[in-house]
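These are my notebook entries on the cysteines, one leucine and the aromatic rings of a structure. I set down what I looked up, in the order in which I looked.

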Amino acid sequence: MSVVAAVESVGKAGGRATERLDRWWIQPLLVVLVLTSFSIYALWAALQNAYYYVDPYLSPFYSPCLAQNCQHATLPLIGGWWNLSPAFLVLGIPLGFRATCYYYRRAYYRSFFWSPPACAVPDARSRYSGETVFPFLIQNLHRYFFWLAVLVVAFLWWDALLAFRFPNGFGIGLGTLILVANVALLSLYTFSCHSCRHLCGGYLDSFAQGPLRYRLWSTLTRLNTRHGMYAWLSLFSVIVADLYVRLVAMGVINDLRFI
C-alpha cells in the first residue's frame, strides 16, 4: 500500500484527514473505555446502598457516611428523612474534583470531544470556544472542589486508621492495606493538583521572603510532574477498595488477616 493510500484509509479524524500513520487513536479510545467503565461502576455501586461496610472496613464510595441510614455513620448530619443511598451525599465532591481537574480535562476533551484527539490530528469542531460557555464555565470551580476533596481525604484517612481496629482489638487485614494504599494514592493525586501547587506558592512573584513556602512549592512541583500517573492509579484503587469491601461484606471472600 502506498503512503497516500495509507493516509486515506487510516488517517481520518472527525471526517478530516491527518497525515499520521501510527495508531494515535489507541490512547483516546482507552481513556473513553476506562472513564466510561469507572462511571458505570461508581453509579452502580452508589445505587446498591448495601454491602459497603463490614467491620472495620468502609467503602470509599460511601465515606464520609453522613446520613442516619448508614450502616456505619461517620457523621450523621442528615436525618432519617433521607432514604436514598448515602453515597449520593458525598460522591459529588470527588466527581466534581476529577471532572474539573486540569489533567482530566485534557484527557476527556481529547477522547470524548475530539478536541483535538492527538497531535497533528484536526479538531472535530471548526470553532473553539474554550471554557467560556456553559457547562464548561463550571471548570472554574476546580479550586473550590480542591478544598472539599481535602476534607474527603481526611475522612478517608480516619477510615484507614479505623481499619486497624477489629472487634477483638488491633489487627491488620488485607482490607486494611488496601484502604491505606487507596487513601495514600488519593492523597498523592489531591496534593499534586495544580491548584494545590498554586495555593501553596505558585502565585507568588518572589520566594525571597518565603523560604518555607518555596520548599513546599518545590515539593509539590515534583509531585505535580506525576499528577497524571496518580490520577489513574487512584481511580483504579478506589474501585479495588470498594470491590474488596463489597465482596467481603457479601461473604463471597474472607478477609485475609495478617495480625
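**Entry 1, cysteines.** I began with Cys-193, whose closest cysteine sulfur belongs to Cys-101, and at 6.0 Å the two are too far apart for a bond; a disulfide would need the sulfur atoms within 2.5 Å. I note that this is a predicted model, and I read the distances with that in mind. I then asked whether Cys-193 is buried or exposed. With a relative accessible area of 1%, Cys-193 is buried, and Cys-196, at 4% relative accessibility, counts as buried as well.

**Entry 2, the disulfide.** How many disulfides does the structure hold? I found one, and it joins Cys-65 to Cys-70 with an S to S distance of 2.4 Å. I looked up the torsion about the S-S bond of Cys-65 and Cys-70, which is about -100°, so I recorded the disulfide as left-handed. Both partners, Cys-65 and Cys-70, are buried.

**Entry 3, Leu-91.** I turned next to Leu-91, which I located in the loop between β4 (57–58) and α3 (92–99). Although Leu-91 sits in a loop, its relative accessible area is 18%, and I therefore list Leu-91 as buried, the limit being under 20%. Which residues does Leu-91 contact, leaving aside its neighbours within four places in sequence? I found Ala-42, Ala-46 and Phe-61. I also checked Leu-43, which is 48 residues from Leu-91 in sequence, while their C-alpha atoms are 9.4 Å apart in space.

**Entry 4, aromatic rings.** My search of the whole structure for aromatic pairs returned 20. One of them is formed by Tyr-109 and Phe-113, and I entered this pair as tilted, with 5.8 Å centre to centre and 40° between the planes. I compared how accessible these two residues are: Tyr-109, at 16% relative accessibility, counts as buried, whereas Phe-113, with a relative accessible area of 38%, is partly exposed. I then wrote down one aromatic cluster, made up of Phe-97, Tyr-103, Tyr-104, Phe-146, Trp-147, Tyr-189, Phe-191 and Trp-232.

**Entry 5, arginines over rings.** Tyr-189, which I had already listed as a member of that cluster, also has Arg-98 lying over its face, at 4.5 Å from the ring centre. Where does Arg-257 lie? I found Arg-257 over the face of Phe-166, at 3.8 Å from the ring centre.

Key:
Residues numbered from 1 in each chain as written. Predicted model: local features only at pLDDT ≥ 70, side-chain atom pairs only at ≥ 80, totals over all residues. Heavy atoms only, no water. Buried < 20%, exposed > 50% of the residue type's maximum accessible area, 1.4 Å probe, protein only. Helix = DSSP H or I, 4+ residues; strand = E, 2+ residues; numbered from the N terminus. Contact = heavy atoms within 4.5 Å. Phe/Tyr/Trp six-rings, centres within 6.5 Å; stacked < 30°, edge-to-face > 60°. Lys NZ or Arg CZ within 6 Å of the ring centre and 35° of its normal.
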